[in-house]
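Got the model open in your viewer? Let's walk through it one selection at a time.

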Amino acid sequence: MTAAAASGRPPLLRVEGLCTGFPSRAGMLHAVDGVDFSLDRGEILGLVGESGSGKSVTGFSILGLVDPPGRILGGRVLLDGVDLAALDEPARRAIRGKRIAMIFQDPMMTLNPVLRIDTQMIEAVTAHEATGTAQARERARAALVQVGIAAPDERLLAYPHQLSGGMRQRVAIAIALVNRPDVIIADEPTTALDVTIQGQILHEMQALVRESGTALVWITHDLSVVAGLADRVCVMYAGRIVESGPVDAVLDAPRHPYTRGLIDSVPAMNPRGRPLAQIPGNAPSPVDLPPGCTFRARCSRAIERCGDMPPLEAPADEGGGGGDGTRARTVRCWNPVPLPAQGSR
């Protein structure tokens, strides 16, 4: 539990009932459907799930970056009590990059290939503050040092194509940090990097969060990354959160069958020679979600009651029934996986 949660202070970021849709010929595609979570200062939240589960759209929706014709259909995104979803575009633009920033998956898609690094970083500062070029450049240099870039003066004069993939990603992280935001949303920023560089960046991000008090939402499909990085985790399936809680509790003793299936399908978790476990079937179409639990067609624990949508709440055998659904261990399942026997984890 973070200091803010322990003191009873309201969370820095609170997402309530967030729904985002994309109209199509077949109907409204519900990419995000009633997502709730909260985040304290200095806390790292992992958002995990299969491709198409709604993780990235959740991040884009928080910042108001959903491209038309997609739109937020409902819910609130509260940053220090201010509903970002209700703001007009100029007001959002003033907050975006200043109080809440995003690191995208591919830095070559976000860095301008024809502008030097110093130009891009200085613009990121002067867009939000009336500061001189020399001061903005010094802040850009300090941000490069902060993310572990050697020879920062030389890197500032480089173009993106002159840097390696790992170096470009560090620059993208530095741009997100240069305005000292309250929240950073990182959308699988290390997926395309080799394991060594990935480990370095994860270590640096964790240290930066602890030192600066910045809150971090880390979007990924890699459970091993979440295990070593996050304080809490939310597991998404078909646009909804199906399980959330402290990362150790969720990964050591998953209660939702989908979370259990994700963990069982990780090669490192299976003994050598045993066939790799798989989740049968495919995820449902977001255009035509089935009634009730959207995972029931693929679930070995499905019961008749699964025809009704289960709430996201603490399991009955963990003192469940109610709560705000954003801080405690919660699961969206009528027939959750039993807790392991004492001492068997």
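Start by selecting Val48 and Val235: Val235, in E9, is the bridge partner of Val48. Before going further, note that this is a predicted model, where local features need pLDDT of at least 70 and side-chain atom pairs count only at pLDDT 80 or more, while totals for chains, interfaces and linings use all residues. Residues are numbered from 1 along each chain as its sequence is written, and side-chain values use heavy atoms, with hydrogens and water left out. As for the labels, helices (H or I, at least four residues) and strands (E, at least two) are DSSP runs, numbered from the N terminus.

**Stop 1: the strands around that bridge**

Widen the selection to E3 and E9, which run parallel and are joined by four bridges. Two strands count as paired if DSSP finds at least two bridges between them. Strand E9 covers residues 232-237, and six of its six residues are buried, so the rest of the structure largely encloses it. Buried here means under 20% relative accessible area, exposed means over 50%, and partly exposed is in between (1.4 Å probe, protein chains only).

Which residues of E9 sit on each side? Arg232, Cys234 and Met236 are on one face, Val233, Val235 and Tyr237 on the other, and all are buried. In a regular strand, side chains alternate between the two faces of the sheet.

E3 has a similar story to check: five of its five residues are buried, so E3 too is largely enclosed by the rest of the structure. Ile44, Gly46 and Val48 cover one side, with Leu45 and Leu47 on the other.

**Stop 2: out along the sheet**

Next, select strand E10 (residues 240-246), which runs antiparallel to E9 with six bridges between them. Cys234 has Ser244 as its bridge partner in E10. In the hairpin, two residues lie between the strands, and Ala238 takes a positive phi near 55 degrees.

Now go the other way from E3. E3 and E8 pair in the parallel sense over five bridges, and the partner of Gly46 in E8 is Trp218. Strand E7 (residues 183-187) also pairs with strand E8 (residues 215-220), parallel and over five bridges; there, Ile184 has Leu216 as its bridge partner.

Zoom out for the full set: seven strands form an open sheet of mixed pairing, in the order E6-E7-E8-E3-E9-E10-E11. Its edges are strand E6 (100-103) and strand E11 (330-331), each pairing on one side only.

**Stop 3: helices on the sheet**

Select helix H8 (residues 165-177), which lies across E6 and E7 and runs at about 175 degrees to E6. Then add helix H9 (residues 195-212), which packs on the sheet, touching strand E3 (44-48), E6 and E8, with its direction at about 155 degrees to that of E8. Contact means heavy atoms within 4.5 Å. Axes are lines fitted to C-alpha atoms, for helices over the stretch in contact, with angles from 0 to 180 degrees between N-to-C directions.

How do H8 and H9 sit against each other? Their axes come within 11 Å and cross at roughly 15 degrees, so the two are roughly parallel. (Under 35 degrees is roughly parallel, over 145 roughly antiparallel, 65 to 115 roughly perpendicular, and the rest oblique.) For the side chains, show Gly166, Gln169, Arg170, Ile173 and Leu177 in H8, which meet Ile197, Gln200, Ile201, Glu204, Met205 and Leu208 in H9.

**Stop 4: another helix pair**

Jump to helix H5 (residues 117-126) and helix H6 (residues 133-146), which pack at an angle of about 110 degrees with axes 9 Å apart. That makes H5 roughly perpendicular to H6. From H5, pick Asp118, Met121, Ile122, Val125 and Thr126; they meet a set in H6 that includes Thr133, Ala136, Arg137 and Leu144.

**Stop 5: a covered helix**

Finish at helix H12 (residues 257-264), where six of eight residues are buried. Select Pro257, Tyr258, Thr259, Gly261, Leu262 and Ile263 to see the buried ones. Then show what covers them, including helix H10 (223-229), E9, E10 and helix H11 (247-252).
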